[in-house]
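Please read the following account alongside the sequence and the coordinates. It moves from the protein as a whole to one sheet, and then to some of the helices and a hairpin.

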Amino acid sequence: MSDAHLPRTGAVIVAAGRGLRAGGGIPKQWRDLAGRPLAAHAMAVFAAHPGVSEVVLVVHPDDQGALPALPAARIVAGGETRGASVLAGLEALDEVERVLIHDAARPGVTAEIIDAVLEALDHAPAAAPALPVTDALWRGAEGAVAETVSRDGLWRAQTPQGFHLGAILAAHRAYPGMAADDVEVARAAGMEVRIVPGSERNMKITEAADFDRAARLMGGAMDIRLGNGFDVHRFGDGDHVMLCGVAVPHERGLAGHSDADVGMHAVTDAIYGALGDGDIGRHFPPSDPQWKGAESRIFLVHAAERARAAGYAISHLDCTLICERPKIGPHAQAMAAALAGIAGVEPGRVSVKATTSERLGFTGREEGIAALATATLVKG
Ligand SMILES: Nc1ccn([C@@H]2O[C@H](COP(=O)(O)OP(=O)(O)OP(=O)(O)O)[C@@H](O)[C@H]2O)c(=O)n1
Ligand SMILES: C[C@](O)(CO)[C@H](O)COP(=O)(O)O
């Protein structure tokens with residue numbers, strides 16, 4: 001069959017609820033999940049699916065004027081109940097023969113689930129994903145178990161629930177009461193509904209704690225950044241070198257615009273690098289006299305604050321100093337503790353170590369000290 005004969009499919013994503021059970025001050029679908037509004041996750045999956053030609057987002061009339069940044073979709077005003085919101089979305093669809101109805105509150109929907117529903121629709125009037133009930137089921141009364149209920153043949157319903165548009169539109173228009181979902185409406189109209197495999201990832205966010213569970217289940221929702229930094233300072237006059245916040249006695253000092261703490265500079269640049277936020281020179285230009293002789297801790301504090309402001313925790317810092325002398329080993333622990341204190345990181349997450357360059361190159365000839373560093377930043 002050529003593409004021209006494939007039935008066109010629209011998606012109705014309902015996002016007009018108030019999210020009262022989730023709390024949080026604003027409706028859950030506009031709250032952040034892994035750096036995006038919750039509703040944006042499902043919208044992006046449907047918009048990117050090659051089998052979906054149109055996405056309608058149903059929102060509460062009070063939210064219509066103040067929506068966050070979302071993937072492109074036609075916006076329609078919803079109703080008092082989920083069913084009324086679905087009907088508003090269905091009425092707005094144009095030129096499609098099939099429809100997938102999805103809760104914005106299910107951010108973990110995947111292309112595979114959509115594929116399974118669409119494939120089932122090739123052979124059935126309706127299809128929906130679900131997971132079998134695996135826990136024992138009880139009926140409770142007054143805080144006690146009144147009876148065990150058989151779980152045989154019981155399923156946990158998910159969305160997207162898929163239908164042929166004309167049939168589900170007519171079914172919704174005719175449905176008299178409040179349905180749990182669109183499958184209930186379809187069955188009331190006599191449609192047979194196929195069950196396709198759902199996924200734990202496709203959970204619905206209902207309570208506040210579900211946000212954390214969804215972020216964990218979605219895995220990729222965790223944003224991990226790795227940055228590296230490298231710096232070199234030449235030896236000059238002096239009787240000590242500043243390395244990772246510790247003054248180490250030496251017969252020469254390090255030359256530089258600031259206190260020339262080569263290790264701290266590499267660590268600071270690693271954090272900026274992980275953030276995609278330039279380098280020390282961009283934030284503290286050497287042409288600016290106010291940074292002459294400055295303590296390098298100022299730079300590290302700045303980078304760490306920018307990481308936190310962007311929502312990242314500094315999960316780890318690792319610095320390698322490259323020099324023949326002074327000997328770093330006796331000071332490495334104090335240096336790690338100093339970096340940890342300045343960056344506001346647990347001491348066990350910071351490492352300072354050293355190597356020589358086997359007397360090769362500028363560090364081998366004791367012309368200067370080099371440092372390289374890695375920073376790991378985590379969000380979510
Ligand atoms: N009048 C309504 C009610 C619900 N929904 C949508 O239906 C989905 C499933 O509903 P539920 O999880 O119960 O969301 P809320 O009604 O927002 O939650 P609560 O009952 O806690 O207020 C959600 O995406 C929700 O936005 C809707 O579009 N219109
Ligand atoms: C449609 C649904 O997602 C199926 O599981 C669910 O019924 C909607 O949420 P609610 O909490 O029952 O309103």
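**Overall picture and the open sheet**

Of the contacts in the protein that link residues at least 6 apart in sequence, 70% are between residues at least 24 apart. The model is a predicted one, and in it the protein has 11 helices and 19 strands, while 40% of its 380 residues count as buried.

One place to begin is an open sheet of five strands, which lie in the order E16-E13-E19-E17-E18 and whose pairing is mixed. The edges of this sheet are taken by strand E16 (253-254) and strand E18 (350-355), and because each has a single partner strand, one side of each is left without a neighbour in the sheet. Helix H7 (residues 262-275) packs on the sheet, where it touches E16, E17, E18, E19 and strand E13 (223-236), and the direction of H7 makes about 150 degrees with that of E13. Within the sheet, strand E17 (residues 313-322) and strand E19 (residues 368-379) run antiparallel and are joined by nine bridges; threonine 320, for instance, has leucine 372 of E19 as its bridge partner.

**A buried alanine**

Helix H10 (residues 332-343) contains alanine 340. Is this alanine 340 buried or exposed? Alanine 340 has 20 other C-beta atoms within 10 Å, and since 20 or more are required for a residue to count as buried, it is buried. Once the neighbours within four places in sequence are left aside, the residues in contact with alanine 340 are Val345, Glu346, Pro347 and Val350. Leucine 317 lies 23 residues from alanine 340 in sequence, yet their C-alpha atoms are 8.4 Å apart in space.

**Two helix pairs**

Two packed helices are described by the angle between their axes and the distance between the axes. For H7, the helix that packs on the sheet, one such partner is helix H9 (residues 297-309), with an angle of about 20 degrees and axes 9 Å apart. Because angles under 35 degrees count as roughly parallel, H7 is roughly parallel to H9, and the crossing of the two helices is left-handed. On the side of H7, the contact is made by Met264, His265, Val267, Thr268, Ile271, Tyr272 and Leu275, and on the side of H9 by Arg297, Phe299, Leu300, Ala303, Ala304, Arg306 and Ala307. Sorted by character, the residues of this contact between H7 and H9 comprise 10 nonpolar, two polar and two charged.

A second pair is formed by helix H2 (residues 82-92) and helix H4 (residues 165-174), whose axes come within 10 Å and cross at roughly 140 degrees. With that angle, H2 is oblique to H4, and H2 passes H4 in a left-handed crossing. Here Gly83, Val86, Leu87 and Leu90 of H2 meet Ile168, Leu169, His172 and Arg173 of H4, so that the contact of H2 with H4 divides into five nonpolar residues, two polar and one charged, given that Gly counts as polar.

**A hairpin**

The last element to consider is a hairpin formed by E14 and E15, which have two residues between them. Strand E14 (residues 240-243) and strand E15 (residues 246-249) run antiparallel and are joined by four bridges, and valine 241 has valine 248, in E15, as its bridge partner. In the turn of this hairpin, cysteine 244 has a positive phi of about 50 degrees.

Definitions and conventions. Residues are numbered from 1 along each chain as its sequence is written. Chains are lettered from A and ligands numbered from 1 in the order in which they are written. This is a predicted model: local features need pLDDT of at least 70, side-chain atom pairs count only at pLDDT 80 or more; totals for chains, interfaces and linings use all residues. Two strands pair if DSSP finds at least two bridges between them. Two residues are in contact if their C-beta atoms, placed from the backbone, lie within 7 Å. Axes are lines fitted to C-alpha atoms, for helices over the stretch in contact, and angles run from 0 to 180 degrees between N-to-C directions. A residue is buried if 20 or more other C-beta atoms lie within 10 Å of its own, exposed if 12 or fewer, and partly exposed in between; C-beta atoms are placed from the backbone. Angles under 35 degrees count as roughly parallel, over 145 as roughly antiparallel, 65 to 115 as roughly perpendicular and the rest as oblique. A crossing is left-handed if the near helix is turned anticlockwise from the far one by less than a right angle, and right-handed if clockwise.
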